[in-house]
Amino acid sequence: MNNIYDFKQNVKKSELDQIVKIINSGGIIVFPTETVYGIGADATRDDAVKKIFIAKGRPQDNPLIVHISNYNMLEKVTTDIGDIERRLMEKFWPGPLTIILKSNNNVSKLVTAGLSTVGVRMPGNDIALKIIGACNTPIAAPSANVSGKPSGTKLEDIYDELKGKVDAFVDGGETDIGIESTVVKVENSVVKILRPGKISLEDIEDLGIKVTLDEHVFKDVKHDEKVESPGMKHRHYAPNTKTILIEFDKDNIMVDKVDKYIKENPSLKIAIVCFKEHSIYYINKNIKCIEMGSVNNQLEISRNIFSILRFIDKLDVDVCLIEGMKKEYIGTAIMNRLIRACEYNIL
Ligand code: TXA
Ligand code: MG
């Protein structure tokens, strides 16, 4: 692999200087955050940000998140911050929370896709913070993947689809959380979750703040429908293989559903992505079985899920069934991604 900076053990000063040179001359880099890898560029430069859209094949109406490493940088992006937004920042930054704020028009119009608002976050990852700090400019970064594919959680998963399209790759090993940040907007003192993530509805509620889940989190969005977070209407995360989501239920009910599906479709090659506690039930069914993690450890599942969604296409099966989980805490976010990955096919 070429053009790779290995920062897994430590961030090397001389290599960091080279990365700063790339960003400050309008280049783009793949870099790790605590959620997923991003493709970063100087958020204030049209020429640089344009390259991100080209590398990803991303629709121009889908705005990018701006990443900052300190509060001085926040002032470059917005001047209008309410009390609730401040409390969220104090509690959850640096961390996996993106807050939609009023833009003061210092970032490229391509970043905001022409909206009057800008999504901002301070990532909780040391490598990301050092890169942004050294570049001394807000960094616009969508998830590192070709549009429509699952976001990258390790370099090996995304190198082939992005090589030749970016100027450098920074390797920070596997990301911690594995799914993208929570995106929120405050309206009339209520926090609206536009995209669920590790910072959950329950976490925000614990602060004594009113919070709601946007109606589109679990709903199919028609292409011409107006939504607050444009990313929700685009095709997302879907493997090429047909995938079907099984609603979370008691063990025996989930397993029976799979059994019935296998019996009704004897000519299909079938795989199942399941809780590791369930694999024992599927072992004798003559189907491929991929464990996603423990039913009692949603964070383990969130770390693995995008890599597994990519792996499904290598299984050489006609259909892959995926066990769903409880829609609570980070499970809400995982289910939001899985419903889209399965293109609303639910069993
Ligand atoms: O964890 C993350 O958020 C990762 C890492 C790299 O930081 N980034 C990420 O970016 O997931 P992306 O571009 O794949 O997703 C950004 C989401 C999209 O759904 C987009 O529509 C929404 O944030 N978004 C960005 N700016 C917005 C705005 N001004 N108003 C509403 N939604 C916005
Ligand atoms: Mg994305």
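The exercises below look at a predicted model, beginning with the whole chain and ending with one group of strands.

Residues are numbered from 1 along each chain as its sequence is written, and chains are lettered from A, with ligands numbered from 1, in the order in which they are written. Local features need pLDDT of at least 70 and side-chain atom pairs count only at pLDDT 80 or more, while totals for chains, interfaces and linings use all residues; side-chain values use heavy atoms, without hydrogens and water.

**Exercise 1.** State how many helices and strands the chain has, and compare its radius of gyration with the globule rule.

*Solution.* Begin with the DSSP runs (H or I of at least four residues for helices, E of at least two for strands, numbered from the N terminus), which give 12 helices and 15 strands. The radius of gyration, taken over C-alpha atoms, is then set against the rule of 2.2 Å times the number of residues to the power 0.38. The chain has 20 Å, close to the 20 Å that the rule gives for 347 residues, so it is as compact as a globular protein of that length.

**Exercise 2.** Describe the cover and the partners of strand E10.

*Solution.* Take the cover of E10 (residues 190-195) before its partners: five of its six residues are buried, meaning under 20% relative accessible area with a 1.4 Å probe and protein chains only. Two strands pair if DSSP finds at least two bridges between them. Strand E9 (residues 182-187) pairs with E10 in the antiparallel sense over five bridges, and valine 183 stands opposite arginine 195. Strand E11 (residues 210-213) pairs with E10 in the parallel sense over four bridges, where isoleucine 193 has leucine 213 as its bridge partner.

Conventions. Buried < 20%, exposed > 50% of the residue type's maximum accessible area, 1.4 Å probe, protein only.
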